[in-house]
Amino acid sequence: PQKDGGYDITDHSEVAADVGGNAAFERFMGEAVDRGVRVTADLVANHVSFEHQWAKALEAGDESVLSRFVAWDDAVKIGERVVDGKTFNVFLHTRGENAGKTSHVWQIFPENNPDTFIRAAGHKIFASFMNPYQWDVNVADPQVLAYYLHTIAKFANLGQMGTRMDAIIHSGKKPGTFNINNPEAQAFMALAKSFASQLVPGNMFLPEANLPWDEAKRDWLSPERAFDGKVENTAGDVLISFDVHRAIWDTLLKNDKHAWMNAQAELGELPANKSLLVYLGLHDETLIDDPKLRAELQRRGFHDFAGRGVGDSPAALLDGDADRLAMAHVLLYSSKGHPAVYYRTLIGAQNNEEYYETKISDRLDDQRKAGLTPDVKKARDTRDLDRGPVALADYEAALASGYKPAVTVRALNALWDA
């Protein structure tokens with residue numbers, strides 16, 4: 001239903017109608033396979049839409065589906081705690097086998113989900129991302145596991161050769177932990193990858209592990225596990241690099257080349273046969289670690305996102321300066337790893353204000369339908385400023401006019417392929 005840029009999913013095995021549906025995707029995959037193009041797609045395995053069939057069944061009174069969600073009916077909020085710059089809700093479990101345990105849950109989107117849970121059918125359901133539009137699922141439940149493996153199988157059989165594991169470090173929730181990067185999350189991806197490799201050898205996995213580099217490398221890029229005596233690489237093949245992303249933006253916004261150079265040095269040598277995916281903006285926030293810089297950007301009218309970045313488009317952040325946006329792509333292609341290019345950035349698209357306001361209105365309507373008091377703070381997602389469709393004609397026009405970022409990336413691609 002597009003309450004979170006497509007990450008609120010009602011059926012993981014169906015392709016959205018607004019991009020052509022299943023039939024168009026199958027034709028696309030056929031062409032991609034014939035041309036030797038490797039296609040990577042997201043697997044959103046931490047949460048489903050509140051319009052998913054499981055959510056609807058629970059709200060209709062079907063308790064048999066409760067185990068498919070993360071439901072902590074015994075959890076009572078006893079406070080908040082800041083750890084490593086993150087604000088956590090702290091819960092005390094009051095009964096059952098977890099009685100006396102204390103759980104921490106990061107306020108990932110402080111304005112959208114300050115209370116962590118959504119109440120549904122008399123239960124407290126985890127909604128750790130976009131509350132109340134997404135409900136967190138229990139990946140240890142056999143039905144949930146089967147559902148995701150079926151999804152992997154369907155698209156692998158069409159020729160998909162890469163799987164980006166969205167929000168993977170937040171899955172595998174367990175009372176008594178901080179619920180980030182739990183071993184259960186790592187085990188889930190290991191199983192998913194092993195399954196995929198049996199269907200399509202070489203199916204690469206890209207975990208979204210927004211963690212300090214040493215921790216991300218240790219847990220999501222390096223591990224190997226033994227299955228029936230055979231050692232398999234069960235970690236990610238390509239790790240999304242948040243460190244390089246932050247460093248590129250530090251360099252661009254502070255005019256300080258050392259931020260990018262230091263980040264490259266700190267990465268060191270990557271494990272054999274592994275890589276990084278580096279990006280400027282991919283329909284997501286631009287991460288800004290420096291609180292003074294974030295404050296300065298907000299003073300200039302840019303839009304805060306969750307206290308850790310801004311939602312504005314890269315072109316807007318660089319004041320529409322085509323030379324600086326081209327240089328941003330040079331830094332991107334010069335970084336360790338593989339560059340990911342977002343076409344809104346490539347054509348210099350400014351903030352999509354119309355899309356942003358439309359999504360706020362849509363979410364307010366959904367709050368009313370859910371019987372909630374409309375709350376603009378919970379309906380606002382500044383990432384929507386850099387979302388929305390991009391027309392092929394816009395890219396072709398950028399090339400035809402000699403728009404510097406577009407022609408620079410075309411030249412960089414030619415060098416990459418040489």
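Start by selecting N181 and W220: their side chains are joined by a polar contact of 2.7 Å. Bear in mind as you click around that this is a predicted model.

Keep N181 selected and add Q186. A second side-chain polar contact shows up here, with N181 and Q186 joined at 3.1 Å. Where does N181 sit? Look in the loop between β9 (162–166) and α4 (183–199). Now switch on a surface. Is N181 buried or exposed? With a relative accessible area of 8%, N181 is buried, because the cut-off for that label is under 20%. To see what surrounds N181, skip residues up to four places away in sequence and show what N181 touches: I169, Q186, L211, E215, R218, D219 and W220.

Next stop, Q107. Find this residue in the loop between β5 (102–106) and β6 (117–120). Q107 has 8% relative accessibility, so it counts as buried. Which side chain does the side chain of Q107 meet in a polar contact? Select N89 and draw the distance: the contact is 2.7 Å. Then light up the wider set of contacts, leaving aside neighbours within four places in sequence. Q107 is in contact with K77, E80, T87, F88 and N89, and also with N113 and P114.

Now for a pair of helices. Select residues 322–334 for α10 and residues 404–417 for α15; the two pack at an angle of about 20°, with their axes 8 Å apart. That angle makes α10 roughly parallel to α15, since angles under 35 degrees get that label. Turn the view to look through one helix at the other, and you have a right-handed crossing of α10 past α15.

Show side chains to see who meets whom. On the α10 side, pick A322, D323, L325, A326, H329, V330 and Y333; facing them in α15 are K404, P405, T408, V409, L412, N413 and W416. Try colouring this contact by residue class: you should get nine nonpolar residues, three polar and two charged.

Last stop: R35, which lies in helix α1 (residues 21–35). Is R35 buried or exposed? R35 counts as exposed, because its relative accessibility is 64% and the label needs over 50%. Finish by picking the C-alpha atoms of R35 and L145. How far apart are R35 and L145 in space? Your distance tool should give 33 Å, for a pair 110 residues apart in sequence.

Definitions and conventions
Residues numbered from 1 in each chain as written. Predicted model: local features only at pLDDT ≥ 70, side-chain atom pairs only at ≥ 80, totals over all residues. Heavy atoms only, no water. Axes fitted to C-alpha atoms, helices over the stretch in contact; angles between N-to-C directions. Helix = DSSP H or I, 4+ residues; strand = E, 2+ residues; numbered from the N terminus. Parallel < 35°, antiparallel > 145°, perpendicular 65-115°, else oblique. Left-handed = near helix turned anticlockwise from the far one by under 90°. Contact = heavy atoms within 4.5 Å. Nonpolar A, V, L, I, M, F, W, Y, C, P; charged D, E, K, R; others polar. Buried < 20%, exposed > 50% of the residue type's maximum accessible area, 1.4 Å probe, protein only. Polar contact = N/O pair within 3.5 Å; in protein donor to acceptor, adjacent residues only side chain to side chain.
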